[in-house]
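Let's take a walk through this one, with an eye on its cysteines and on a bit of sheet. Have the viewer open as you read.

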Amino acid sequence: PSVPRHTNRLINEKSPYLLQHAHNPVDWYPWGQEAFDKAKIENKLIFLSVGYSTCHWCHVMEEESFKSKEIGDIMNEHFVCIKVDREERPDVDKVYMTFVQATSGGGGWPMSVWLTPDLKPFAGGTYFPPEDGVHRVGFRTVLLRIAEQWKENKDALLESSQRILEALRHTSEIRVQGQESPPPPKEVMDTCFQQLSRSYDEDYGGFSKSPKFPTPVNLNFLFTYWALHRTTPEGARALQMALHTLKMMAHGGIHDHIGQGFHRYSTDQHWHVPHFEKMLYDQGQLVAMYSRAFQISGDEFFADVVRDILLYVSRDLSDQVGGFYSAEDADSYPTTTSGEKREGAFCVWTAEELRALLPDPVEGATEGTTLGDVFMHHYGVEEAGNVDPMKDPHQELKGKNVLIARCSPELTAARFGLEPGRLSALLQECRQRLSSARAQRPRPHLDTKMLAAWNGLMISGFAQAGTALAEQGYVSRAAQAAAFLRTHLFDPDSGRLLRSCYRGKDNSVEQSAVPIQGFLEDYVFVIQALFDLYEASLEQSWLEWALHLQHMQDKLFWDPKGFAYFSTEADDPSLLLRLKDDQDGAEPTPNSVTVTNLLRAACYSGHMDWVEKAGKILAAFSERLQKIPITLPEMVRATAVFHHTLKQVVICGDPQGEDTKEMLHCVRSVFSPNKVLMVADGDSAGFLYRQLPFLSSLERKDGKATAYICSNFTCSLPVTSVQELRGMLSP
């Protein structure tokens, strides 16, 4: 490669996204004191650009504007330019996204915001084209106009930025009102179910027409709603909505049929043409949902999807030391000689390519049938391509096919006169051939940043898959990743989590010069993962670490006046607002998940003040939960768990004994949203016995493994029959 003409301060960063901009002619600074001081000393405005490495429009704006010497000169002359990776610094992203959404009615990435030297926002947007067009003003024009305003109307801008900040402080505040208590669970659950039911797509599943997102939080809510209403028509509908959505997604083009795993979202109603990036947080949450679907239905289809996702993550998103990488990009070079990247190039096919790769005649099928005929019919391949031009505004997918399972295996088999079992083997052979062919293509960019929060979601996925599918290998992989977190993303001296680490040279793990401290979401998703891992592995050290982190979370983030947890710590002067997220999105909001975490923590420790804290969070969000629960389905789910009281399922027995294993298998094979599992193995010096003295009074009956169902540390009569235990586990 030629020597770059420009190099800026981002060359010293670790984030793959920031490093992508290290050779722009823009004099980028990372978020930090050096940039803030420069803005104050030189009395310059700050231009803040926030994005992430797999963001398609971030790449577009870089190519069009940030690589332009002319635009770079304007930026350098008039502004101090700061680049932020939103995945590294969700705190900075949320503060300024709150501003952009409040002032423009929309948001997204890249986010472009102009700040005064004391970091107060006064203008912002998302993607800007470089030059003026018919319908929108160009980036160059915006830069020059804002620079002119600063020169001519500085006092007015400063005054305006102060007013905006005060308004944001007021509107973004979430706090308990008066003597509010947690909202009534039945009404909140029913309203949320009705709102989801009204937005449900009866034909294709999901909860909108287009674009369509996986939204695991909706599915998780529906599974819990079913579990608490399983004998009612509404309960049956909730389960049908969740299972149908999961099936349609797995058949669709959002699912990578050749390379496994799921893309970010679908641009159409049919789950067909996706945005092709693959995010770790989607894989982790979807594994948990498909595991639950298998637990509930017993349908191997769902177990196969679990194995598919975990194969992808193990192969393509796993660091050899044990952590998980963040994402794979949507864009890549179509061939090794291509000059520009295209979205989806790694994943799509022409009919001609498929015929060439699959020419073999199929024995026993209708005369003249080739492997290509069978495969192309099953996966909806068309000679001219199967992508609707309306979903391909840049013509990147013209003539290409995004694979989507258009027929059931039975219909495809019947069409070609084949046995269903034979068809399955043929399709598998075709997919393996295409996988080998695809391996010759240039791969999309891999974001090798490792984030505590997203690793937590993936550990939960592996642990829950391990218990639902009885696959010990998945539990071991979860434990390996948790050990990675303890080594690389935890500071034993301070007892605090770190946000991120990075794959370095020679596959070492590196940390930035000043490590980024963990945010609320890091604590919440890691604590959830450690509870899931304890239930899967029965290794008490994970429980001990989870409870330590819960105490630390309380200390760093709890709001004693307004209740609930802030997303960030109090001691960062560069953050103008301390926010509490109020909407479940691609990931659940941390306060939603932490309600269930606190209830689990109380069950494992006996600290009942954690139950009280859980109630205070629900009280703080009570108004929102009652008016628009569909924005917080995970917290609605937690409301039900809070009011039903968690069952402590205690099994007394030797964890290696066959009778204990049989009972454990029974507990793990039943989906029950309001249970925690623990094993009392008789080691009175062990961590659990020290936390929960009542365990010492529980004994095996007749020398056999014995189960007790306890609520608030009061236990049922002992049970030694697996059938009887199964009956007691339903909510």
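Is C715 buried, partly exposed or exposed? C715 comes out as partly exposed, because its relative accessibility is 26%; the label covers what lies between buried (under 20% relative accessible area) and exposed (over 50%), using a 1.4 Å probe and protein chains only.

Before going further, a word on the ground rules. This is a predicted model, so local features need pLDDT of at least 70 and side-chain atom pairs count only at pLDDT 80 or more, while totals for chains, interfaces and linings use all residues. Residues are numbered from 1 along each chain as its sequence is written, and side-chain values use heavy atoms, with hydrogens and water left out.

Back to C715: its sulfur is bonded to that of C710, with S to S at 2.1 Å. A disulfide here is a pair of cysteine sulfur atoms within 2.5 Å. The torsion about this S-S bond is about 100°, so the link between C710 and C715 is right-handed. Unlike its partly exposed partner, C710 is buried, at a relative accessible area of 1%.

The structure has two disulfides, and the other one ties C55 to C58, with S to S at 2.3 Å. This link is right-handed too, with 85° about the S-S bond. Here C55 is buried at 2% relative accessibility, and C58 is buried with a relative accessible area of 2%. Count the bonded cysteines along the chain and the pattern reads 1-2, 3-4.

What about cysteines without a bond? Take C430: its closest cysteine sulfur belongs to C407, and that is 14 Å away, so the gap is too far for a bond. C430 is buried, with a relative accessible area of 1%. C666 tells a similar story: the closest cysteine sulfur, in C652, is 16 Å off, which is too far for a bond. C666 also counts as buried, at 1% relative accessibility.

Now swing over to the sheet. Strands in a sheet pair through backbone hydrogen bonds, either parallel or antiparallel. In this model, three strands make an open sheet in the order β8-β9-β12, with antiparallel pairing. At the edges sit β8 (278-279) and β12 (446-447), each pairing on one side only. Strands are DSSP runs of E with at least two residues, numbered from the N terminus, and two of them pair if DSSP finds at least two bridges between them. Between β8 and β9 (residues 327-328) there are two bridges. To see the register, look for M279, which stands opposite A327 in β9.

Conventions
Helix = DSSP H or I, 4+ residues; strand = E, 2+ residues; numbered from the N terminus.
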